[in-house]
Amino acid sequence: MSISELTDADSTAAQQYWHEYQASHDLSERTGQTAGIDPATGRIWFGDSIQDIVHQMDASQEFVPLLFVRVGSDTYWRKGSHR
């Protein structure tokens, strides 16, 4: 898997890790934060934004594709207005 590629299978695996993590951890204090899930290992990175997580990964010299989710939300980002 290259750094920039996240396949449908990767997304499915990452979503499963995320579902399992949410079931066993209290995330109420992390609501609104960004979570990045590694589909290969299940490691979850938390930060204020995607850029924050990327900086953390750069600092630890780990370069893997992640699935990003907003804690406490069904969508990460929604484009458009609400009428």
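**Close-up views of the sheet, core and loop**

**View 1. Residue orientation in strand 2 of the predicted model.** In strand 2 (residues 44–47), Ile44 and Phe46 point one way, whereas Trp45 and Gly47 point the other way. Each of these residues, Ile44, Trp45, Phe46 and Gly47, is buried. In a regular strand, side chains alternate between the two faces of the sheet.

**View 2. The hairpin of strand 1 and strand 2.** Strand 1 (residues 34–37) and strand 2 run antiparallel and are joined by 4 bridges. Within this pairing, Ile37 of strand 1 has Ile44 of strand 2 opposite. The hairpin leaves 6 residues between its two strands. In the turn, Gly42 adopts a positive phi of about 85°.

**View 3. The open sheet and its strand order.** The sheet is open and consists of 3 strands in the order 2-1-3, with antiparallel pairing. Strand 2 and strand 3 are the edge strands, each pairing on one side only. On average, neighbouring strands of the sheet are turned by 25° against each other, direction ignored. Strand 1 is joined to strand 3 by 4 bridges, and these strands run antiparallel. Across this pairing, Thr34 stands opposite Arg70 of strand 3.

**View 4. Helix 2 against the sheet.** Helix 2 (50–59) lies across strand 1, strand 2 and strand 3. Relative to strand 2, helix 2 runs at about 125°.

**View 5. The largest nonpolar core.** This core comprises 10 residues: Ala14, Trp18, Leu27, Ala35, Ile37, Ile44, Phe46, Leu67, Val69 and Val71. Two or more residues of the core come from each of helix 1 (8–24), strand 1, strand 2 and strand 3 (67–70). Ile44 and Phe46, which point one way from strand 2, both belong to this core.

**View 6. The surroundings of Ala35.** Leaving aside residues up to four places away in sequence, Ala35 touches Trp18, Ile44, Trp45, Phe46, Ile53, Leu67, Phe68, Val69 and Val71. Among these contacts, Trp18, Ile44, Phe46, Leu67, Val69 and Val71 are members of the largest nonpolar core, as is Ala35. Trp45, also touched by Ala35, points the other way from strand 2 than Ile44 and Phe46.

**View 7. Gln61 in the loop between helix 2 and strand 3.** Gln61 is not a glycine, yet its phi is positive, at about 55°. Gln61 counts as exposed because its relative accessibility is 64%, above the 50% cut-off.

Notes: Residues are numbered from 1 along each chain as its sequence is written. This is a predicted model: local features need pLDDT of at least 70, side-chain atom pairs count only at pLDDT 80 or more; totals for chains, interfaces and linings use all residues. Side-chain values use heavy atoms; hydrogens and water are left out. Buried means under 20% relative accessible area, exposed over 50%, partly exposed in between (1.4 Å probe, protein chains only). Two strands pair if DSSP finds at least two bridges between them. A nonpolar core is a set of buried Ala, Val, Leu, Ile, Met, Phe, Trp, Tyr and Cys residues joined through side-chain atoms within 4.5 Å. Contact means heavy atoms within 4.5 Å. Axes are lines fitted to C-alpha atoms, for helices over the stretch in contact, and angles run from 0 to 180 degrees between N-to-C directions.
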